[in-house]
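Q: Please take one part of this structure and look at it closely. I am new to it, so go step by step and connect the part to its surroundings.

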Amino acid sequence: MNPVKEKLLTPDEVPDVEMALRTAVTRYTGGQGYVKCACKTNCTTSRCSCTKKLLKCNSRCHPGRSCSNI
Ligand SMILES: [Zn+2]
Ligand SMILES: [Zn+2]
């Protein structure tokens, strides 16, 4: 009988799987090179995720609003 071992195993496995999934998702979206921002002002500073990556803004960034990063 070893209740201590079982107690340690159960909480250990859950975060492990979850983290692996999250890493996979991050890697996948990052690998796509797909960037969009949600700036309220012109996308000219590094606060804009597009400008930060030296990418032009696209129509998905902020539909209906033009910006300087095009
Ligand atoms: Zn932006
Ligand atoms: Zn943008």
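A: The side chains of Asn 69 and Thr 51 are joined by a polar contact of 3.3 Å. That is a value from a predicted model, as are the others below. Asn 69 sits in the segment after H2, and H2 is the helix of residues 49–52. A further link from the side chain of Asn 69 goes to the backbone oxygen of Leu 55, at 2.8 Å. Along the chain, Asn 69 and Leu 55 are 14 residues apart, while their C-alpha atoms are 8.1 Å apart in space.

Asn 69 has a relative accessible area of 10%, and it counts as buried because the limit is under 20%. With neighbours within four places in sequence left aside, Asn 69 is in contact with Cys 43, Cys 50, Thr 51, Leu 55, Lys 56 and Cys 57. Three cysteines of that list lead on to the metal sites. Cys 43 is a donor of the zinc ion (ligand 1), whereas Cys 50 and Cys 57 are donors of the zinc ion (ligand 2).

Take the zinc ion (ligand 2) to begin with. Its protein donors are the SG atoms of Cys 37, Cys 50, Cys 57 and Cys 61, at 2.3 to 2.4 Å. The angles that these four donor atoms subtend run from 94 to 121°, so the arrangement is tetrahedral. The spacing of the donor residues along the sequence is C-x12-C-x6-C-x3-C. Cys 50 lies in helix H2 and Cys 61 in the segment after H2, so this pair ties together parts of the chain that are 11 residues apart in sequence.

Both members of that pair are buried. The relative accessible area is 0% for Cys 50 and 6% for Cys 61. Setting aside neighbours within four places in sequence, Cys 61 has contacts with Lys 36, Cys 37, Ala 38 and Cys 50. Among these, Cys 37 and Cys 50 are also donors of the zinc ion (ligand 2).

The zinc ion (ligand 1) has as protein donors the SG atoms of Cys 37, Cys 39, Cys 43 and Cys 48, which lie 2.2 to 2.4 Å from it. Here the donor atoms subtend angles of 105 to 119°, which makes this arrangement tetrahedral. In sequence, the donor residues follow the spacing C-x1-C-x3-C-x4-C. Cys 43, the donor that is in contact with Asn 69, is buried at a relative accessible area of 2%.

What joins the zinc ion (ligand 1) and the zinc ion (ligand 2)? Cys 37 bridges them, and the two ions lie 3.5 Å apart. Cys 37 counts as buried, with 5% relative accessibility.

The donor cysteines also belong to the largest nonpolar core. This core has nine residues, namely Val 35, Cys 37, Cys 39, Cys 43, Cys 48, Cys 50, Cys 57, Cys 61 and Cys 67.

Two further residues help to place this part in the chain. Tyr 34 is in the loop between helix H1 (3–32) and H2. It is partly exposed, with a relative accessible area of 43%. The C-alpha atoms of Tyr 34 and Cys 50 are 9.5 Å apart, although 16 residues separate the two along the chain. Leu 54 lies in the segment after H2, as does Asn 69. At 79% relative accessibility, Leu 54 counts as exposed, whereas Asn 69 is buried. The phi of Leu 54 is positive, about 60°, although the residue is not a glycine. Most residues other than glycine have a negative phi.

Now for the chain as a whole. The secondary structure comes to two helices and zero strands. Of the 70 residues, 17% count as buried; Asn 69, Cys 50 and Cys 37 are among the buried ones. The accessible surface is about 6,200 Å², and carbon and sulfur atoms account for 59% of it. Of the contacts between residues at least 6 apart in sequence, 29% join residues at least 24 apart.

To return to the starting point, Asn 69 reaches Thr 51 through a side-chain polar contact and the backbone oxygen of Leu 55 through its side chain. Its contacts also include Cys 43, Cys 50 and Cys 57.

Key
Residues are numbered from 1 along each chain as its sequence is written. Chains are lettered from A and ligands numbered from 1 in the order in which they are written. This is a predicted model: local features need pLDDT of at least 70, side-chain atom pairs count only at pLDDT 80 or more; totals for chains, interfaces and linings use all residues. Side-chain values use heavy atoms; hydrogens and water are left out. Helices (H or I, at least four residues) and strands (E, at least two) are DSSP runs, numbered from the N terminus. Buried means under 20% relative accessible area, exposed over 50%, partly exposed in between (1.4 Å probe, protein chains only). Contact means heavy atoms within 4.5 Å. Accessible areas come from the Shrake-Rupley method with a 1.4 Å probe; for residues, only the protein chains shown count as cover. Donors are N, O and S atoms within 2.8 Å of the metal (3.2 Å for Na, K and Ca); water is not among the atoms, so sites may look incomplete. Four donors count as tetrahedral if all angles lie between 85 and 135 degrees; four count as square planar and six as octahedral if opposite donors are over 155 degrees apart and all others between 65 and 115; anything else is irregular. A nonpolar core is a set of buried Ala, Val, Leu, Ile, Met, Phe, Trp, Tyr and Cys residues joined through side-chain atoms within 4.5 Å. A polar contact is a pair of N or O atoms within 3.5 Å; within protein, one must be able to donate a hydrogen and the other to accept it, and residues adjacent in sequence count only if both atoms are side-chain atoms.
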